[in-house]
Amino acid sequence: MEMGALKRGKRSGWWIAGVKDPETIAEHSFRTAIIGSVLAMLEGADPAKVALLCTFHDTQETRVGDIPWIGRRYLTAARNEDVTADQVADAHPVVAAGIKAIVEEYESGESLEVLVAHDADRLECMLQGLEYLEQGYRNAQEWVDSTRAKLKTPSAIALANAAQDMSSAEWQRTYLR
């Protein structure tokens, strides 16, 4: 039930860019998991592990909301690991341990899977920004540029290049024929 709130919670950073009805946290997490799986295949990482990391990367936002980067200058939010521990406090011990381990790994791990998961999160944000740019939200360009600059893996960089070189209309003409 708690994760259902992610289907209603909006990604608040996009409001700063002027987007009137931004994507939900769940929509972002879903596409992040798909992108993560694809990047993992391309980078030689474990796609299932990356998808799992991506699926749980923003689940804490059911408790603390989606605090945009500017808000973090003024607020001190609980660590994601602490929020997760509270979320799973009454879960079966095996489930609680598993979810806590995934979140801990995402937040502080250094494996290839973690690197790919973080790139998936950034690439999804960049893609969403490109879509908002096409819809006329010019302020989304800053999100596109800043998230793109943080990409680390060759596959994420290549996909970012491809995405910036092809409009959604061109994609439809090319791939939906």
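## Leu130 and its contacts

Leu130 lies in helix H7, where helices are DSSP runs of H or I with at least four residues, numbered from the N terminus. Setting aside neighbours within four places in sequence, Leu130 is in contact with Val144, Ala163 and Gln164; contact here means heavy atoms within 4.5 Å. At 17% relative accessibility, Leu130 counts as buried. The cut-offs for that word are under 20% relative accessible area for buried, over 50% for exposed, and partly exposed in between, with a 1.4 Å probe and protein chains only. Leu130 and Asp86 are 44 residues apart in sequence and 35 Å apart in space, C-alpha to C-alpha.

A word on the model itself: it is predicted, local features need pLDDT of at least 70, side-chain atom pairs count only at pLDDT 80 or more, and totals for chains, interfaces and linings use all residues. Residues are numbered from 1 along each chain as its sequence is written, and side-chain values use heavy atoms, leaving out hydrogens and water.

## Helix H2

Let's turn to H2. Helix H2 covers residues 25-43, which makes 19 residues. From first C-alpha to last, H2 reaches 26 Å, close to the 27 Å expected at 1.5 Å a residue; the expected span is 1.5 Å times one less than the number of residues. Right after H2 comes Gly44, with a positive phi near 80 degrees.

Which residues of H2 are buried? They are Ile25, His28, Ser29, Thr32, Ala33, Ile35, Gly36, Ser37, Leu39 and Ala40. The helices they pack against are H3 (47-56), H4 (61-64), H7 (112-134) and H9 (154-164).

## Helix H6 and its crossing with H3

Helix H6 runs over residues 93-108, 16 in number, and reaches 22 Å between its first and last C-alpha, close to the 22 Å expected at 1.5 Å a residue. Buried in H6 are Ala96, Ile99, Ile102, Val103 and Tyr106. These residues cover an arc of only 135 degrees around the axis, which puts them on the same side of H6; the arc is that of the directions from the helix axis to the C-beta atoms. As a reminder, an α-helix has 3.6 residues a turn, so residues three or four places apart point the same way. The face of H6 turned away from the buried side carries the exposed residues Pro93 and Val94. The cover over the buried residues of H6 includes H3, helix H5 (80-87) and H7.

How do H3 and H6 meet, and at what angle do their axes cross? The axes come within 9 Å and cross at roughly 90 degrees, where axes are lines fitted to C-alpha atoms, for helices over the stretch in contact, and angles run from 0 to 180 degrees between N-to-C directions. H3 and H6 are therefore roughly perpendicular to each other; that label covers 65 to 115 degrees, while angles under 35 count as roughly parallel, over 145 as roughly antiparallel and the rest as oblique. From H3, the contact is made by Lys49, Leu52, Leu53 and Phe56, and from H6 by Ile99, Ile102, Val103, Glu105 and Tyr106. The residues of this contact divide into seven nonpolar, no polar and two charged. In this scheme Ala, Val, Leu, Ile, Met, Phe, Trp, Tyr, Cys and Pro are nonpolar, Asp, Glu, Lys and Arg are charged, and the others, Gly among them, are polar.

## Helix H9 and Lys150

In H9, the buried residues are Ser155, Ala156 and Ala160. Seen down the axis of H9, they fall within an arc of 135 degrees, so they line one face of the helix. Their packing partners are H2, H7 and H8.

Lys150 sits in the loop between helix H8 (141-149) and H9. With 45% relative accessibility, Lys150 counts as partly exposed. Not counting residues up to four places away in sequence, Lys150 touches Asp119 and Arg122.

## Around Asp66: Glu61, Ser12 and Trp69

Glu61 lies in helix H4 and is buried, with a relative accessible area of 12%. Beyond four places in sequence, Glu61 touches Leu6, Ile25 and Asp66. Ser12, in the segment before helix H1 (13-16), is also buried, at 11%. With the same neighbours left out, Ser12 touches Asp66, Ile67 and Pro68.

Trp69 is found in the loop between H4 and H5. Is Trp69 buried or partly exposed? Trp69 is partly exposed, with a relative accessible area of 46%. Trp69 and Ser12 are 57 residues apart in sequence and 9.7 Å apart in space, C-alpha to C-alpha. Leaving aside neighbours within four places in sequence, Trp69 is in contact with Glu142 and Trp143.

Notes. Helix = DSSP H or I, 4+ residues; strand = E, 2+ residues; numbered from the N terminus.
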